[in-house]
Amino acid sequence: MDRQSWFETGTYLKYGDHRIFYRTAENDRETLLCLHGFPTSSFDYHKVWPALSEEFSLVAFDMIGYGFSDKPADFNYTTSAQVDILQALLADLKIERLHLLSHDYGNTIVQELLARREETRVDFEIDSICFLNGALFPETHRPILAQKILIGPFGPIFGRLIPDARFKGSLSSVFGPKTRPTDEESDDFIEIFKYNGGRKIAHRLIQYMRERTVHRERWVEALRRIDRPFRLINGLADPVSGAHLVERFREIVPHQKDIIELNGVGHFPHFEVPEIFLKYFFEFHGKPT
């Protein structure tokens, strides 16, 4: 499926003055919520969407500031605000229980959800959690150069002026050496990023990197206390959150043993090796592969 078809078969939630893009594949099966990362969108899941939709009723949305959702210049892009929108979407869709599949910044969204769940501020049941690559601990996050510039004093300028080729090169650098995106796939990433003025707010979106330090204790403790079925699928070649993330995860959450390590795969297992990802994801859920 191309990005235009993805967009045309989605719809919008009205959240205050803003529109939040989301997509569903509804059936009578259990619900799976797919969460994307920075700086991409729900379109990241398009390669695995058809197969997932055969086993689950699917929901995916573009966080505010991302993808095909609104990208207001004056919005406070905190993780708390993103989770508020997520909870509003689930309430609108009348979803009372779900499985979670998250990637990159989506993992941080789940950590906030888990913390809220402990505070009895979540009104739906979480049946299972599957994490893909993503920084769970600020001490192990290794941002690429573009991220470092975006979060620094020159971030507003860099976001607006970064050449397309530089963006594509930066994104490609977190993929595995043999699983990098094609030119056409790179075009999809950059065009969705730029859609509706995305360049002007990139420096605001990336502030979550600071939040991970501020909220470390609350988010990491919620991670330690996960009481749902859990699996981590990690591309070890990812320079941002690859093998070193797995090592730290085992130190901090030693009782969670279900970790799938993919050699030669980078930051986007579901995009780089969709068939392999599906094998391990369906295995986790006891589904046929």
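**Figure 1. Strand 4, an enclosed strand.** Five of the five residues of strand 4 (residues 57-61) are buried, so this strand is largely enclosed by the rest of the structure. Buried means under 20% relative accessible area, exposed means over 50%, and partly exposed lies in between (1.4 Å probe, protein chains only). Strands (E, at least two residues) and helices (H or I, at least four residues) are DSSP runs, numbered from the N terminus. This is a predicted model: local features need pLDDT of at least 70, side-chain atom pairs count only at pLDDT 80 or more, and totals for chains, interfaces and linings use all residues. Residues are numbered from 1 along each chain as its sequence is written, and side-chain values use heavy atoms, with hydrogens and water left out. Both faces of strand 4 are covered. Ser57, Val59 and Phe61 are buried on one side, Leu58 and Ala60 on the other.

**Figure 2. The partners of strand 4.** Two strands pair if DSSP finds at least two bridges between them. Strand 2 (residues 18-25) runs antiparallel to strand 4, and four bridges join them. Here Tyr22 stands opposite Phe61 of strand 4. Strand 3 (residues 31-35) pairs with strand 4 in the parallel sense, again over four bridges. Thr31 has Ser57 of strand 4 as its bridge partner. Leu32 is partnered by Leu58 of strand 4, and Cys34 stands opposite Ala60 of strand 4.

**Figure 3. Strand 3, between strands 4 and 5 in the sheet order.** Five of the five residues of strand 3 are buried, so strand 3 is largely enclosed by the rest of the structure. Thr31, Leu33 and Leu35 point one way, Leu32 and Cys34 the other, and all are buried. Four bridges join strand 3 to strand 5 (residues 97-102), and the two run parallel. Leu33 has Leu100 of strand 5 as its bridge partner.

**Figure 4. The eight-stranded sheet.** The sheet is open, with mixed pairing and the strand order 1-2-4-3-5-6-7-8. Strand 1 (11-15) and strand 8 (259-262) stand at the edges, each with a single partner strand, so one side of each is left without a neighbour in the sheet. From one strand to the next, the twist averages 25 degrees. Helix 12 (residues 243-252) packs on the sheet and touches strand 7 (230-235) and strand 8. The direction of helix 12 makes about 150 degrees with that of strand 7. Axes are lines fitted to C-alpha atoms, for helices over the stretch in contact, and angles run from 0 to 180 degrees between N-to-C directions. Contact means heavy atoms within 4.5 Å.

**Figure 5. Phe68, a buried loop residue.** Phe68 is found in the loop between strand 4 and helix 3. At 6% relative accessibility, Phe68 counts as buried. Leaving aside neighbours within four places in sequence, Phe68 is in contact with Arg3, Trp6, Phe7, Tyr12, Phe21, Asp62, Ile192 and Tyr195. Phe68 and Thr11 are 57 residues apart in sequence and 9.9 Å apart in space, C-alpha to C-alpha.

**Figure 6. Helix 3 and the residue Lys94 just after it.** Helix 3 (residues 79-92) has 14 residues. From its first C-alpha to its last, helix 3 reaches 20 Å, close to the 20 Å expected at 1.5 Å a residue. The expected span is 1.5 Å times one less than the number of residues. The buried residues of helix 3 include Ala81, Val83, Ile85, Leu86, Leu89 and Leu90. Thr79, Gln82 and Gln87 are also among the buried residues of this helix. Just after helix 3, Lys94 takes a positive phi of about 60 degrees.

**Figure 7. Helices 7 and 8 cross.** The axes of helix 7 (residues 164-172) and helix 8 (residues 183-194) come within 10 Å and cross at roughly 115 degrees. Asp164, Phe167, Lys168 and Leu171 of helix 7 make the contact with Ser186, Asp187, Phe189, Ile190, Phe193 and Lys194 of helix 8.

**Figure 8. Backbone details in three loops.** The peptide bond from Phe38 to Pro39 is cis, with omega near 0 degrees. Pro39 lies in the loop between strand 3 and helix 2 (49-53). Asp104 has a positive phi of about 55 degrees although it is not a glycine. Asp104 is found in the loop between strand 5 and helix 4 (105-118), and at 6% relative accessibility it counts as buried. Asn196, in the loop between helix 8 and helix 9 (202-205), has a positive phi near 60 degrees. At 42% relative accessibility, Asn196 counts as partly exposed.
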